[in-house]
There are 2 protein chains.
Amino acid sequence: MSSSERIRVVQYGLGPIGLMAIRQILARRDLELVGAIDIDPKKRQRDVADLSGLRRPSGIRVSDRPQEVLGVSRPHVVLHTTGSSLEDVFPQLIYCLEAGARVVSTCEELLLPTVQQPELAKQLDRMSKLKSTALIGAGVNSGFVMDTMAVLASSPCLEVRSIRVERVVDASTRRGSLQHKVGAGLLLKEFRRGVRKGELGHKGLRESLYLVAEGIGWKLDNVTERIQPVLAGRSMRTKYVSVKKGQVAGIHHVCRGFRNRKEVLNLDLQMYLGAKKPVDRISIKGTPEVNLVFEGGVAGDEATVGLLLNMIYGVLDAPAGLRTMIDFPMPRFRAWE
Amino acid sequence: MSSSERIRVVQYGLGPIGLMAIRQILARRDLELVGAIDIDPKKRQRDVADLSGLRRPSGIRVSDRPQEVLGVSRPHVVLHTTGSSLEDVFPQLIYCLEAGARVVSTCEELLLPTVQQPELAKQLDRMSKLKSTALIGAGVNSGFVMDTMAVLASSPCLEVRSIRVERVVDASTRRGSLQHKVGAGLLLKEFRRGVRKGELGHKGLRESLYLVAEGIGWKLDNVTERIQPVLAGRSMRTKYVSVKKGQVAGIHHVCRGFRNRKEVLNLDLQMYLGAKKPVDRISIKGTPEVNLVFEGGVAGDEATVGLLLNMIYGVLDAPAGLRTMIDFPMPRFRAWE
């Protein structure tokens, strides 16, 4: 493949996920890294290869000026990995769309923003269509195991009475930011305060629930959400945090959806240090029953980067607009060599 | 929903799957049965409700004249369940398309006919586009567990080295035609003759293999197929067949795909009477590994009918042409009440 045919990619956000993505982009012949954006002053002007632990310089230096990078480098696709809150990242997404780029973002609240943030969703959809481009929220969760997979798994059913998805993640195998997000190492009191302030828990669980409901055509009349601590049964220490026995090891986060007053959807997410049996389990009560298990669970950060990279071709094929994981051709690994 | 908004459906083929579909169509408010076609003289002119074991007459009588039924009833969608061989059912599909109907068919060879029957595929695609309609091959297998599911399951992978799908079906829980198709009750000699003549084995396993390869963008340089008997360890009897110890209980059918001389795809299908642990298992070697299991397997004929019915909305939404399970919005259960 000649250089002129490569897909021009900008990496927007250089946390652990963004840096893993950089390593992938640089290793692939079908992709060309044309820019990198991050606001961290310690990263500014550094070569992204260096930041990613690669020896050979890439020639791409980190900039904190998104509009300049996007305007000069004219990417086909932006991989966006800066945050979970749609309100926070909204201006960044608009910069990308204004530059005519297609966007794959790990922002959990972008998975299906039409329900909870209809005004922002409308603006993103309008801008993408104006610029004949597309954007999508993608990731392993939200975006795959607790929603998209559940939607496809319902295909053989003549009737669906309820869907339950259970995800157990051993947070000790994950990046530091995730360990902090689940409250590892906090006292119970601190955990409760963090939950009240909206600082702890998994962003996007509601979006996953709404995506399943929308996928199979259910109108929900009520949705509830509950975040509880999982306490450490013993002292533990990871690269990023240390937890004493009785302190918080992580979260148990449950989101329920009701239809005609019956519970029809239940997303049950446990992420804590030392979880013994990581698993993803989709159970559909109906005709026939479907019991789908990812043995060992879908492994964390690598899987997130995998989904991000694989959706590059997805978003390039998508019709213009704000898209979801279930409304254009099926997500899948794309061979590139 | 008012009667005028219902989806007009013709059921083409009234074997066990077709009759199960009839019961579903008649039970649903969003669908209206407008015709039924079968060549069996014993079914001609009978009310389909009666044939399906329902008490209340439907007013729809079986006809063996497809063009007449399709021309008069003007269906939006035809559910087509007459056979596995594309060559055999080709004229029937053309009748449906000529009448402007969209078609969901359980014909296994229609799953991805472009590879092995490119000429027929081209004609079907051309006719669908000419008539602004669409057709698709769908079913639980081919169509779901051994192909579509494997494609979606690869989404988190940065790299895929190989994909193996194993399906174990207890044929004693399935319809008689399937028990005969797997050779249950035959002597070894008869089984071998049946395999040579192409009368035994699962049609569509190659198509499933090619669908996975096409889905993730692999060009295969070789494909092999092997059908072996599974012998009965004890005497068994079902509603449809009796098998003595040492006779054939079913098949072990394996299809392998090679790329750069390495085996990269392996579809392993066991369907026999008395199989102890029915299961569907998708194993992806790569980064990360993905191990997906349908515990207990995806239950047989109900699941096939479920897929058929659920794809009605899929094929109505699809762009004109010959489509596959992976190239338009994600298959899923569609709530209708």
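This is a short tour of selected helix pairs, residues and backbone features in a predicted model.

**Stop 1: two helices in chain B**

Start by selecting residues 16–27 of chain B, which form helix α1, together with residues 300–317 of chain B, which form helix α11. The axes of these two helices are 10 Å apart, and the angle between them is about 55 degrees. An angle of that size makes α1(B) oblique to α11(B). If you look at the handedness, α1(B) and α11(B) cross in a right-handed sense.

Now show the side chains where the helices meet. From α1(B), display I17(B), M20(B), A21(B), Q24(B) and I25(B). Their partners in α11(B) are D301(B), E302(B), T304(B), V305(B), L308(B) and L309(B). Colour this set by residue character and you should find seven nonpolar, two polar and two charged residues in the contact of α1(B) with α11(B).

**Stop 2: V305(B)**

Stay on helix α11 of chain B and centre the view on V305(B). Is V305(B) buried or exposed? Its relative accessibility is 0%, so V305(B) counts as buried.

Select its contacts next, leaving out residues up to four places away in sequence. V305(B) touches I17(B), M20(B), A21(B) and Q24(B), and it also touches L158(A) from chain A. Keep both chains visible here to see that last partner. For a sense of how the fold brings sequence positions together, draw a C-alpha to C-alpha distance from V305(B) to L19(B): 9.6 Å in space, with their positions 286 residues apart in sequence.

**Stop 3: a second helix pair**

Move along chain B to helix α3, residues 66–73, and add helix α4, residues 86–98. How do α3(B) and α4(B) cross? Their axes come within 9 Å, at an angle of roughly 20 degrees. That angle is under 35 degrees, so α3(B) is described as roughly parallel to α4(B). The crossing of α3(B) past α4(B) is right-handed.

To view the contact, select P66(B), Q67(B) and L70(B) on α3(B), then Y95(B), C96(B) and E98(B) on α4(B). By character, the residues of the contact of α3(B) with α4(B) are four nonpolar, one polar and one charged.

**Stop 4: R74(B)**

Step on to R74(B), in the loop between α3 and β4 (77–80) of chain B. Its backbone deserves a glance: R74(B) is not a glycine, but its phi is positive, near 45 degrees. With a relative accessible area of 49%, R74(B) is partly exposed.

**Stop 5: R323(B)**

Jump to residues 321–323 of chain B, strand β15, and pick out R323(B). This arginine is buried, with a relative accessible area of 16%. What does the side chain of R323(B) reach? Look for the backbone oxygen of A320(B), at 2.6 Å.

Then show the surrounding residues. Not counting residues up to four places away in sequence, R323(B) touches K129(B), L135(B), I136(B), G137(B), A318(B) and F328(B). Add S128(B) for one further comparison: R323(B) and S128(B) are 195 residues apart in sequence, while their C-alpha atoms are 9.9 Å apart.

**Stop 6: N141(B)**

Select N141(B), found in the loop between β6 (134–137) and α7 (148–153) of chain B. N141(B) is buried, at 11% relative accessible area. Beyond its neighbours within four places in sequence, display M146(B), R167(B), H202(B), S208(B) and L269(B), which are in contact with N141(B).

**Stop 7: backbone features in chain A**

Switch to chain A and find the peptide bond from N141(A) to S142(A), which is cis, with omega near 5 degrees. S142(A) sits in the loop between β6 (134–137) and α7 (148–153) of chain A.

Where is P288(A) found? Look in the loop between β13 (279–287) and β14 (290–295) of chain A. The peptide bond leading from T287(A) to P288(A) is cis too, and its omega is near -15 degrees.

Finish at S132(A), in the loop between α6 (118–130) and β6 of chain A. S132(A) is not a glycine, yet its phi is positive, about 50 degrees. Its relative accessibility is 52%, so S132(A) counts as exposed.

Terms used
Residues numbered from 1 in each chain as written. Chains lettered and ligands numbered in written order. Predicted model: local features only at pLDDT ≥ 70, side-chain atom pairs only at ≥ 80, totals over all residues. Heavy atoms only, no water. Axes fitted to C-alpha atoms, helices over the stretch in contact; angles between N-to-C directions. Helix = DSSP H or I, 4+ residues; strand = E, 2+ residues; numbered from the N terminus. Parallel < 35°, antiparallel > 145°, perpendicular 65-115°, else oblique. Left-handed = near helix turned anticlockwise from the far one by under 90°. Contact = heavy atoms within 4.5 Å. Nonpolar A, V, L, I, M, F, W, Y, C, P; charged D, E, K, R; others polar. Buried < 20%, exposed > 50% of the residue type's maximum accessible area, 1.4 Å probe, protein only. Polar contact = N/O pair within 3.5 Å; in protein donor to acceptor, adjacent residues only side chain to side chain.
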